[in-house]
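Trainee: I have a model open on my screen and would like to talk through the ligand surroundings and one of the sheets. Could you take a look with me?

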Amino acid sequence: MAARIKQINLEQINLEQINLEQINLEQINLEQINLEQIKKIKAMKGMDMNLDEITISRAIIDRYFEKLNANLDVDVAIVGGGPSGLVAGYYLAAAGKRVVMYERKLSVGGGMWGGGMMFNEIVVQESAIHILREFGIRTREYGEGYYTADSVESTASLIAGATRAGLTIFNCMSVEDVMMRKDQVVGLVLNWSPVEMAGLHVDPLSMKTKFVVDATGHDTEVVEVAQRKVPGRLATPSGKKEGEKSMWADRAESMTPDNTREIFPGLYVAGMAANATFGGPRMGPIFGGMLLSGEKIAQDLIAQL
Ligand code: 48F
């Protein structure tokens, strides 16, 4: 028994954690006490610390408001968390730019999770494979120049890569308007998505940014707002949103990077929003154009910042 007791390092015992009322000394066989095992059991049962609900609440509130405050005045604000926005956010953040993303939905990733018609594989062509590799996404060659990737792995990796590079994402937040000074978009007007969904009359808050990227996909929501505020003055042939055309994958994929550009001072379009703004066709579940569009917008903006 003496030998066993010597194995116990009394300095490791936190007496405050021991509830003496629960100890029945007669039942304790000192020879069987192994302090490491006790620690493991207590940790497994969550008894190694006293969890306090108010500390948990304070931790979340403090950290969230730190994040919100730190992102009220940034270099680039991306609206929409689909593949083009995530790739743009990754390259901008990796270049050390202050970049924030707002996504209406609870889950970020836009239309990439579902592959084609919920068959959760995506197709990416040769020219954009380097972007999937940058994020460590595994690919398989399908035919000459065509590659496939698991859409869940792809989407999750884009989100992980972008946030780890320094992109801050606010989900459940919708952009409902832009802030303008003279002839320049200088910020965004934000509200909670649940407020928008419930149709509640709650005033929004605003943030300031040097550049806005509309990466809202087919809906081109920021472009729609700009079009209402400065009718006929967008940098398109008609001065208005041209509107998305029917499916034509080859043409759409080659047009997307060209359509990825400034549409009004301070406002850029990327991804499907770029094609819809400039009248390009849709392309379905081939994602190279979306990835290249994100890369291109990041390069353009990095050069200007
Ligand atoms: O549509 P989405 O995935 O955008 P993308 O990057 O990619 C398009 C492809 O997914 C696919 C395709 C590829 O071949 O055609 O459709 O162009 O993601 C757009 C995201 O923007 C969010 C929306 O919830 C979606 O996740 N969004 C849209 N409007 C707003 C918004 C808004 N006003 N505020 C915040 N988020």
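**Around the ligand and across a sheet**

Mentor: Gladly! This is a predicted model, and the residues of the shell around the ligand divide into twelve nonpolar, twelve polar and six charged.

Trainee: Which element gives the largest share of the shell around the ligand?

Mentor: The ligand is surrounded by 30 residues, with Gly80, Gly82, Gly110, Gly217 and Gly271 the closest. Two or more residues of this shell come from each of α4 (83-94), β2 (99-103), β7 (173-181) and α10 (272-278). The largest share is three residues, and the element that gives it is α4.

Trainee: On to the open sheet of three strands: what is its order?

Mentor: Pairing in this sheet is antiparallel. Its edge strands, β3 (121-125) and β4 (140-143), each pair on one side only. On average, neighbouring strands are turned by 40° against each other, direction ignored. The strand order is β3-β5-β4.

Trainee: What is the bridge partner of isoleucine 122 in β5?

Mentor: Start with the pair of strands: β3 and β5 (residues 146-150) run antiparallel and share five bridges. Isoleucine 122 has its bridge partner in β5, and that residue is alanine 149.

Trainee: Which helix packs on the sheet, touching β3 and β5, and what angle does its direction make with that of β5?

Mentor: Look at residues 151-165, which form the helix in question. This helix touches both β3 and β5 as it packs on the sheet. The helix is α6, and its direction makes an angle with that of β5 of about 75°.

How values were computed: Residues are numbered from 1 along each chain as its sequence is written. This is a predicted model: local features need pLDDT of at least 70, side-chain atom pairs count only at pLDDT 80 or more; totals for chains, interfaces and linings use all residues. A residue is near a molecule or strand if its C-beta atom, placed from the backbone, lies within 6 Å of it. Helices (H or I, at least four residues) and strands (E, at least two) are DSSP runs, numbered from the N terminus. Ala, Val, Leu, Ile, Met, Phe, Trp, Tyr, Cys and Pro count as nonpolar, Asp, Glu, Lys and Arg as charged, and the others, Gly among them, as polar. Two strands pair if DSSP finds at least two bridges between them. Axes are lines fitted to C-alpha atoms, for helices over the stretch in contact, and angles run from 0 to 180 degrees between N-to-C directions. Two residues are in contact if their C-beta atoms, placed from the backbone, lie within 7 Å.
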